[in-house]
Amino acid sequence: MDWTAWIERFGEPGVLAVCGALVGAGFGFFGQRSKFCLRAAVIEFWHHKFGDKLAVWLLAFSTAVVGVQLMVLLGGLDLSSARQLSARGSLSGALIGGLIFGVGMVMTRGCASRLLVLSANGNLRALLSGLVFAVTAQAALGGILAPWREALSALWTVEGGDSRNLLALTGVGPWGGLAFGLVWLAAALFFAVRSGWGFWKWFGGLGTGLMVALAWAGTYQVMSHSFEVVQIQGMTFSGPSAEWLMRVLGEPNAPWTFGLGLMPGVFAGSLIGALVGREWKLEGFGGGYTMPRYIGGAMLMGFGSMLAGGCAVGAGMTGGAIFAVTAWLALLGMWVGGGLADRLLDAPHHHATAAGPANTTGAVVP
């Protein structure tokens with residue numbers, strides 16, 4: 001592909017937006033068909049169950065790791081200028097933000113990317129939660145919540161460079177990262193075979209992880225062939241959500257970016273996936289989960305993602321695939337926060353449901 005010709009014809013913003021849209025469409029389609037969801041994986045893990053949701057997440061994550069590290073080893077990707085590695089980072093922000101995000105994703109029954117996928121499937125509660133998430137993310141980035149984010153981020157920081165790179169700190173390099181990814185990929189495939197998955201679980205899980213890797217590759221190619229300063233970036237949903245909010249409300253002529261192309265791409269890909277699987281239907285609030293719970297969870301996710309440096313995909317998978325220290329801390333926080341929220345908020349509901357409904361006297365009906 002002649003990247004230089006495309007850049008000369010459409011400019012860096014246009015090419016980046018198209019890359020984002022194409023990668024996003026793939027992610028939305030594969031994520032919808034495989035039911036990829038970090039929240040569901042976290043709940044299965046804390047319930048001591050290695051089910052489909054956990055296996056799908058592990059398959060996607062390990063595929064992203066293997067894809068990124070292979071491109072690095074083959075000379076097709078240079079991550080030295082990636083923000084997650086080169087810039088000064090916050091360890092406190094990553095851990096605290098991850099914990100907050102983990103609680104929020106359990107409250108909203110999905111992380112930021114899952115909310116966008118579900119919105120395209122006709123889920124109105126996911127659409128509302130996504131809008132609240134975007135507003136809160138923008139408030140944490142440059143609005144009323146920014147001072148709180150900055151104060152928490154300043155508690156414990158780390159310099160950019162090798163000190164933010166787990167592969168450099170451990171001395172194993174890209175080969176070690178590739179080996180790590182292959183081990184977990186083999187584990188995911190083992191559990192997939194044992195579970196007797198159908199085509200879409202396999203294909204969707206692998207495709208979801210591959211899109212995360214291709215996001216890095218696409219922006220790197222634009223950066224490599226451009227005469228302008230273009231930042232290499234990966235897939236994330238917190239920053240682009242805030243970008244789209246500001247574009248709609250007050251900056252309609254802002255330059256296009258990879259993230260601005262990503263969001264509608266994911267929506268379109270998920271919509272196609274839902275139509276292919278005949279799963280599109282309008283859904284509102286119900287099932288014992290109230291609107292305040294969704295709104296509160298979306299607010300926690302919006303603030304937590306900006307504090308952690310990314311959402312479940314942005315910090316968890318995109319940053320995890322390049323072995324950024326802060327990304328792995330954020331991912332750890334999400335797993336812990338999600339597990340605590342499930343135990344404190346949903347465990348009583350699960351026990352009550354298992355025991356049976358209550359009658360008018362307050363006794364449990366068998």
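Nine aromatic residues form one cluster in this predicted model. They are Phe-45, Trp-46, Trp-57, Phe-61, Phe-180, Trp-184, Phe-323, Trp-328 and Trp-335. The structure as a whole holds 19 aromatic pairs. One of these pairs joins Phe-61 and Trp-328, both members of the cluster. Its geometry is edge-to-face. The ring centres lie 5.7 Å apart, and the planes meet at 80°. Planes over 60 degrees apart count as edge-to-face, so this pair earns the label. The two residues come from distant parts of the chain. Phe-61 belongs to helix α3, residues 52–73. Trp-328 belongs to helix α16, residues 325–355. In sequence, 267 residues separate them. Their accessibility can be set side by side. Phe-61 is buried, with a relative accessible area of 5%. Trp-328 is partly exposed, at 23%. The cut-off for buried is under 20%, so Phe-61 falls inside it, while Trp-328 does not.

Aromatic rings also meet charges here. Arg-247 places its charged end over the ring of Trp-256, 4.2 Å from the ring centre. Arg-33 lies over the face of Trp-200, and its distance from the ring centre is 5.1 Å. Arg-33 is worth following further, to its salt bridge with Glu-279.

The structure holds six salt bridges. In the one between Glu-279 and Arg-33, the closest N and O atoms are 3.6 Å apart. What parts of the chain does this pair tie together? Glu-279 sits in the loop between α13 (258–276) and α14 (291–308), and Arg-33 sits in helix α1, so the bridge ties together parts that are 246 residues apart in sequence. The two partners can be compared by accessibility. Arg-33 is buried, with a relative accessible area of 11%. Glu-279 is partly exposed, at 32% relative accessibility.

Glu-279 has another partner, Lys-35. Their side chains meet in a salt bridge of 3.0 Å, N to O. This pair also links distant parts of the chain. Lys-35 lies in the loop between α1 and α2 (38–46), while Glu-279 lies in the loop between α13 and α14. The two are 244 residues apart. Lys-35 is partly exposed, with a relative accessible area of 24%. Arg-33, Lys-35 and Glu-279 are thus linked in a network of salt bridges.

A further salt bridge joins Glu-150 and Arg-149. Its N to O distance is 3.9 Å. Salt bridges need a nitrogen within 4 Å of a carboxyl oxygen, so this pair qualifies. Glu-150 is partly exposed, with a relative accessible area of 46%. Arg-149 counts as buried, at 16% relative accessibility.

Now turn to the open spaces. The largest pocket has a volume of about 780 Å³. It is lined by 36 residues, and the closest to its centre are Arg-83, Gln-84, Met-306, Gly-309 and Gly-310. Many elements contribute. At least two lining residues come from each of α4 (83–86), β1 (89–90), α8 (146–153), α12 (238–249), α13, α14, α15 (312–321) and α16. By class, the lining has twelve nonpolar, 19 polar and five charged residues.

The second largest pocket has a volume of about 420 Å³. Of its 19 lining residues, Leu-116, Gly-130, Leu-131, Ser-241 and Met-263 are the closest to its centre. Four elements are named as giving two or more residues to this lining: α6, α7 (124–142), α12 and α13. Which element gives the most to the lining of the second largest pocket? It is α7, with six residues. How does this lining divide by class? It has 16 nonpolar residues, three polar and no charged.

One space remains, and it is closed. The count comes to one cavity of 30 Å³ or more. Its volume is about 30 Å³. Gly-31, Gln-32, Phe-36, Cys-111, Ser-113, Arg-114 and Val-117 line it. Helices α1 (3–34) and α6 (112–119) each supply at least two of these residues. The most come from α6, which gives three. Three lining residues are nonpolar, three are polar and one is charged.

Technical notes:
Residues are numbered from 1 along each chain as its sequence is written. This is a predicted model: local features need pLDDT of at least 70, side-chain atom pairs count only at pLDDT 80 or more; totals for chains, interfaces and linings use all residues. Side-chain values use heavy atoms; hydrogens and water are left out. On a 1 Å grid over the protein atoms alone, a cavity is a set of points where a 1.4 Å probe fits but cannot get out, and a pocket is an open set with protein on both sides within 12 Å along at least five of seven lines; lining residues have an atom within 4 Å of a point. Grid points are joined across faces, edges and corners, and a volume is the space filled by probe spheres set on the points. Ala, Val, Leu, Ile, Met, Phe, Trp, Tyr, Cys and Pro count as nonpolar, Asp, Glu, Lys and Arg as charged, and the others, Gly among them, as polar. Rings of Phe, Tyr and Trp (its six-membered ring) pair if their centres lie within 6.5 Å; planes under 30 degrees apart count as stacked, over 60 as edge-to-face and the rest as tilted. Buried means under 20% relative accessible area, exposed over 50%, partly exposed in between (1.4 Å probe, protein chains only). A charge sits over a ring if NZ of Lys or CZ of Arg is within 6 Å of the ring centre and within 35 degrees of the ring normal.
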